[in-house]
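Here are my notes on the structure, set out as numbered points. Please keep the sequence and the 3D view open while reading them.

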Amino acid sequence: MRLEKCWFCSSTVYPGHGIQFVRNDAKIFRFCRSKCHKNFKMKRNPRKVKWTKAYRHLRGKDMTQDSTFEFERKRNRPERYDRNVTEQTLKAIPLITKIRQERQIQHIAKRQMAGKSMSRKKDAKELEQDLQMLPKKDISHYETKTKVLVSQLKTEENLMEE
């Protein structure tokens, strides 16, 4: 069973599904659904359409380079069947998927950190500019807390004297 990739959105096209378009120069384009086929006919660039894989790769929203993607790579040369290698591969598949999911989560968290820091800076700047708009509270009855720094050397000296 051969799984093809959609030319437009890069999703998998299963046998018996999708549309196949053959151009005059015998180039074959496979599409997973009519949405991709219609966008292709409208001459839209997949890198500019937000829901495609190409757009997400270009904008850094998906992981593009990772060693776990090497296992999904298409190989055109036939390989000799070896029972031990097949067994090891089947045992490694759950581990590889777990590693890929963890890396995906880390990638998303790293990507979102920039947005969080930018929003915090924007909020701090807005607060600085509009400080007079905040209601003034009576804070005279609150106790003021002061931080006292104790150096580590002094505490070690006290321990040695005892």
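1. The side chains of Arg 2 and Glu 4 form a salt bridge, with 3.1 Å from N to O. Keep in mind that the model is predicted, and that this applies to every value below. The two partners differ in exposure: Arg 2 is exposed, at 52% relative accessibility, while Glu 4 is buried, at 17%. Arg 2 is therefore just on the exposed side of the cut-off, which is over 50%.

2. How many salt bridges does the structure have under this rule? The count is 4. One of them joins Asp 25 to Arg 23, again with 3.1 Å between N and O. Here Asp 25 is exposed, with a relative accessible area of 53%, and Arg 23 is partly exposed, with 38%.

3. Another salt bridge links Glu 87 and Lys 91, where the closest N and O atoms are 3.5 Å apart. Both residues belong to helix 3, which covers residues 83–129. They are 4 residues apart, or about one turn of the helix. Glu 87 is partly exposed, at 40% relative accessible area, and Lys 91 is exposed, at 61%. Elsewhere, salt bridges with shared partners join Arg 2, Glu 4 and Arg 30 into one network.

4. Arg 30 from that network also appears in the pairing of strands. Strand 3 and strand 4 run antiparallel and are joined by 4 bridges. In this pairing, Gln 20 has Arg 30 in strand 4 as its bridge partner. Note that "bridge" here refers to the pairing of strands, whereas a salt bridge is a contact between side chains of opposite kinds, such as those of Arg 2 and Glu 4.

5. Which residue in the hairpin of strand 3 and strand 4 takes a positive phi? The residue is Ala 26, with a value near 70°. The hairpin has 5 residues between its strands, and Ala 26 is found in that loop, between strand 3 (19–22) and strand 4 (28–31). The positive phi is worth marking, as Ala 26 is not a glycine. Ala 26 is exposed, with a relative accessible area of 55%.

6. Lys 43 should be checked in the same way. Its phi is positive, about 60°, although Lys 43 is not a glycine. Lys 43 lies in the loop between helix 1 (34–41) and helix 2 (53–58). Its relative accessible area is 75%, so Lys 43 counts as exposed.

7. The cysteines need a careful reading. A disulfide is a covalent bond between the sulfur atoms of two cysteines. The structure holds 0 disulfides. Cys 9 is in no disulfide, and the nearest cysteine sulfur, that of Cys 32, is 3.5 Å away. Why is this pair not counted as a disulfide? The separation of 3.5 Å is too far for a bond, because a disulfide requires the two sulfur atoms to be within 2.5 Å.

8. Are these two cysteines buried or exposed? Cys 9 is buried, with a relative accessible area of 6%. Cys 32 also counts as buried, at 17% relative accessibility. Both values are under 20%, so both residues meet the cut-off for buried.

9. Cys 32 also gives a way to place Tyr 14. The two residues are 18 residues apart along the chain, and their C-alpha atoms are separated by 8.2 Å. Tyr 14 sits in the loop between strand 2 (12–13) and strand 3. Unlike the buried Cys 32, Tyr 14 is partly exposed, with a relative accessible area of 43%.

10. Tyr 14 is also part of a nonpolar patch on the surface. Which residues form this patch? They are Met 1, Leu 3 and Tyr 14, with about 390 Å² of accessible area together. When viewing this patch, recall that Tyr 14 comes from the loop between strand 2 and strand 3.

Technical notes: Residues numbered from 1 in each chain as written. Predicted model: local features only at pLDDT ≥ 70, side-chain atom pairs only at ≥ 80, totals over all residues. Heavy atoms only, no water. Buried < 20%, exposed > 50% of the residue type's maximum accessible area, 1.4 Å probe, protein only. Helix = DSSP H or I, 4+ residues; strand = E, 2+ residues; numbered from the N terminus. Pairing = 2+ DSSP bridges. Patch = residues over 30% accessible without salt bridge, like charges linked within 9 Å, V, L, I, M, F, W, Y side chains within 5 Å. Areas by Shrake-Rupley, 256 points an atom, 1.4 Å probe, with all protein chains shown as cover.
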